[in-house]
Amino acid sequence: MTQAIPATRLLEVAYDEALRGLAEGGIPIGAALFDGDGTLLGRGHNRRVQSGDPSTHAETDAFRAAGRRRDYGSTIMVTTLSPCWYCSGLVRQFGIGTVIVGEARTFHGGHEWLAEHGVRITVLDDKRCVDLMTRFIAESPALWHEDIGVPDGTA
């Protein structure tokens, strides 16, 4: 990372978004896109339930909120949960240079694949993120399985 702001401080924005999503009745995953110096470009949360749009993941919501840029190489995507393949594809498609992951225990997405393709990855293993998703999965297993593409609940 090229900015002086610690990754844990950047995660605060994404975590706040996850809490917003939960308060709205959605899936508590939050994300934020920052410039390399730590300037917030966009923030968002999973809105699949709220909007009825299965493509509105936290990372895509934050990316859309950030608006157009010529180059994303110096940007930092911060997400409370390891990015799924869809969101990992977004990172690769637009060349986002760094991804900070709050946790990868409850869901292990594409962050290792991104690292293999040159994206700088930091997994924080943040206890609050783990606890938030663990509680949500226990309380809403059907919704969680729908979100990760396992509608019948078998993984």
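# Reading side-chain pairs in a predicted model

Modeller: The structure holds twelve salt bridges. Keep in mind that this is a predicted model.

Biologist: Which residue forms a salt bridge with Glu 12, and how far apart are the closest N and O atoms?

Modeller: The partner is Arg 128, with 3.0 Å between the closest N and O atoms. Arg 128 belongs to helix H6 (residues 127–139) and Glu 12 to helix H1 (residues 7–23), so the bridge links distant parts of the chain, 116 residues apart. Arg 128 is partly exposed at 30% relative accessible area, and Glu 12 is partly exposed at 41%.

Biologist: Over the face of which ring does Arg 128 lie?

Modeller: Over that of Tyr 15, at 4.2 Å from the ring centre. Arg 128 therefore has two entries in your notes: the salt bridge with Glu 12 and the place over the Tyr 15 ring.

Biologist: How many residues apart are Asp 131 and Lys 127?

Modeller: Four, about one turn of helix H6, where both lie. Their salt bridge has its closest N and O atoms 2.7 Å apart. Asp 131 is partly exposed, with 27% relative accessibility, while Lys 127 is exposed at 59%. Shared partners also matter: Asp 16, Glu 17, Arg 20 and Arg 43 are joined by salt bridges into one network.

Biologist: Which residue meets Glu 146 in a salt bridge?

Modeller: Arg 48, at 3.8 Å from N to O. Glu 146 is in helix H7 and Arg 48 in helix H2 (residues 48–51), so the bridge ties together parts 98 residues apart in sequence. Glu 146 is partly exposed at 44% relative accessibility, whereas Arg 48 is buried at 12%.

Biologist: With which side chain does that of Asp 147 make a polar contact?

Modeller: With the side chain of Arg 48, at 3.0 Å. Asp 147 lies in helix H7 (residues 141–147) and counts as buried, with a relative accessibility of 12%. Beyond its neighbours within four places in sequence, Asp 147 is in contact with Ile 27, Ile 29, Asn 46 and Arg 48.

Biologist: What describes a pair of aromatic rings?

Modeller: The distance of the centres and the angle of the planes. The structure holds five aromatic pairs. One of them is Phe 63 with Tyr 72, a tilted pair at 5.2 Å centre to centre and 40° between the planes. Both of these residues are buried. Ring pairs link Phe 63, Tyr 72 and Phe 94 into a cluster.

Biologist: Why is the pair of Trp 85 and Trp 113 called edge-to-face?

Modeller: Because the planes stand at 70°, and an angle over 60 degrees counts as edge-to-face. The ring centres are 5.6 Å apart. This pair links distant parts of the chain, with Trp 85 in helix H4 (residues 85–94) and Trp 113 in helix H5 (residues 111–116), 28 residues apart. Trp 85 is exposed at 56% relative accessible area, and Trp 113 is partly exposed at 28%.

Biologist: How many disulfides does a search of the whole structure find?

Modeller: Zero. A disulfide is a covalent bond between the sulfur atoms of two cysteines. For Cys 84, the nearest cysteine sulfur is that of Cys 87, 3.8 Å away.

Biologist: Why is there no bond between the sulfur of Cys 87 and that of Cys 84?

Modeller: Because 3.8 Å is too far for a bond; the cut-off used is 2.5 Å. Cys 84 counts as buried at 17% relative accessibility, and Cys 87 is buried with a relative accessible area of 1%.

Methods
Residues are numbered from 1 along each chain as its sequence is written. This is a predicted model: local features need pLDDT of at least 70, side-chain atom pairs count only at pLDDT 80 or more; totals for chains, interfaces and linings use all residues. Side-chain values use heavy atoms; hydrogens and water are left out. Rings of Phe, Tyr and Trp (its six-membered ring) pair if their centres lie within 6.5 Å; planes under 30 degrees apart count as stacked, over 60 as edge-to-face and the rest as tilted. Buried means under 20% relative accessible area, exposed over 50%, partly exposed in between (1.4 Å probe, protein chains only). Helices (H or I, at least four residues) and strands (E, at least two) are DSSP runs, numbered from the N terminus. A charge sits over a ring if NZ of Lys or CZ of Arg is within 6 Å of the ring centre and within 35 degrees of the ring normal. A polar contact is a pair of N or O atoms within 3.5 Å; within protein, one must be able to donate a hydrogen and the other to accept it, and residues adjacent in sequence count only if both atoms are side-chain atoms. Contact means heavy atoms within 4.5 Å. A salt bridge is a side-chain nitrogen of Lys or Arg within 4 Å of a carboxyl oxygen of Asp or Glu.
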